[in-house]
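Me: Could you walk me through how a few labels on this model were reached? I would like to see each value set beside its cut-off.

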Amino acid sequence: MNKLISSILQILLFAAIPFIWWAVSSRKQTSFWNWIGLKKIGEVKGKSLYVWTGAIIVGFLLLSLLILPLVSDTAASEFNGLGIAALPAALVYAFFNTALPEEIIFRGFLLKRCSAKLGFPIGNAIQSLVFGLMHGVMFFAITGALTALLIIIFTGAIGWFMGMINEKKANGSILPSWLIHGIANTFSAFMAMFLIL
């Protein structure tokens with residue numbers, strides 16, 4: 001229950017700035033949910049969205065196997081050794097406490113606003129760099145500069161791919177990146193739950 005309450009507060013906190021921006025600039029043109037991309041994907045031509053989503057999930061999980069052993073204390077560390085009993089809390093953590101708020105702020109707000117002003121390539125580069133820096137800075141004191149740099153590169157690259165799939169394959173919906181991000185966080189929590197790494 002605590003994880004659920006924490007998730008709701010985190011979602012509200014991360015959505016506050018985008019909501020205020022939308023209310024001032026775009027509320028007469030579109031709904032807030034559409035504006036940040038928390039919407040149905042719409043019609044998808046072919047299977048490229050599913051192939052890309054699957055490839056990014058597999059790539060993310062494989063790269064996680066290389067990065068997770070370098071970091072002893074992650075957000076999922078609260079599940080260390082708790083086993084399957086921690087699964088409900090881990091799923092709430094993975095999808096609602098971390099993935100959704102981060103997708104709202106990075107791919108739903110920052111990417112869309114930067115892309116509107118600077119074009120998609122620059123907007124996507126900016127959001128992925130900020131996403132990577134945010135994750136790397138959190139671990140700098142714990143892991144040192146080299147590992148923090150690897151985390152910045154790793155998470156920045158994943159952020160770039162998630163931005164690309166949302167905007168170029170999913171009609172601007174953040175649902176694919178939310179799924180990818182949530183699965184990756186679940187994987188990290190699962191590794192902690194069973195002390196695998």
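Me: What makes a residue count as a contact of Lys 112, leaving aside its neighbours within four places in sequence?
Reply: Happy to explain! This is a predicted model, and a contact needs heavy atoms within 4.5 Å. With those sequence neighbours left aside, Lys 112 is in contact with Trp 35, Ile 36, Gly 37, Arg 107, Glu 167 and Gly 172. Lys 112 itself sits in helix 4.

Me: Why is Lys 112 called buried?
Reply: Its relative accessible area is 11%, and buried means under 20%, so Lys 112 is buried.

Me: And why is Met 1 called exposed?
Reply: Exposed means over 50%; Met 1 has a relative accessible area of 73%, so the label fits. Met 1 lies in the segment before helix 1. Together with Leu 4, Ile 5, Ile 8, Leu 9 and Leu 12, Met 1 makes a nonpolar surface patch of about 650 Å².

Me: Which residues of helix 1 are buried, and what covers them?
Reply: The buried ones are Lys 3, Ser 7, Ile 11, Ala 15, Pro 18 and Trp 22. Their cover includes helix 2 (32-36) and helix 4 (87-118).

Me: How do you know that the span of helix 1 agrees with its number of residues?
Reply: Helix 1 (residues 2-25) has 24 residues, and at 1.5 Å a residue these should span 34 Å. The end C-alpha atoms are 35 Å apart, so the two values agree.

Me: Where in helix 1 is there a kink?
Reply: At Ala 16, shortly before the proline Pro 18, with an angle of about 40°.

Conventions:
Residues are numbered from 1 along each chain as its sequence is written. This is a predicted model: local features need pLDDT of at least 70, side-chain atom pairs count only at pLDDT 80 or more; totals for chains, interfaces and linings use all residues. Side-chain values use heavy atoms; hydrogens and water are left out. Helices (H or I, at least four residues) and strands (E, at least two) are DSSP runs, numbered from the N terminus. The expected span of a helix is 1.5 Å times one less than its number of residues. The bend at a residue is the angle between axes fitted to the seven residues ending there and the seven starting there. Buried means under 20% relative accessible area, exposed over 50%, partly exposed in between (1.4 Å probe, protein chains only). Patches are made of residues with over 30% relative accessible area and no salt bridge: like charges are joined within 9 Å, nonpolar side chains (Val, Leu, Ile, Met, Phe, Trp, Tyr) within 5 Å. Accessible areas come from the Shrake-Rupley method with a 1.4 Å probe; for residues, only the protein chains shown count as cover. A salt bridge is a side-chain nitrogen of Lys or Arg within 4 Å of a carboxyl oxygen of Asp or Glu.
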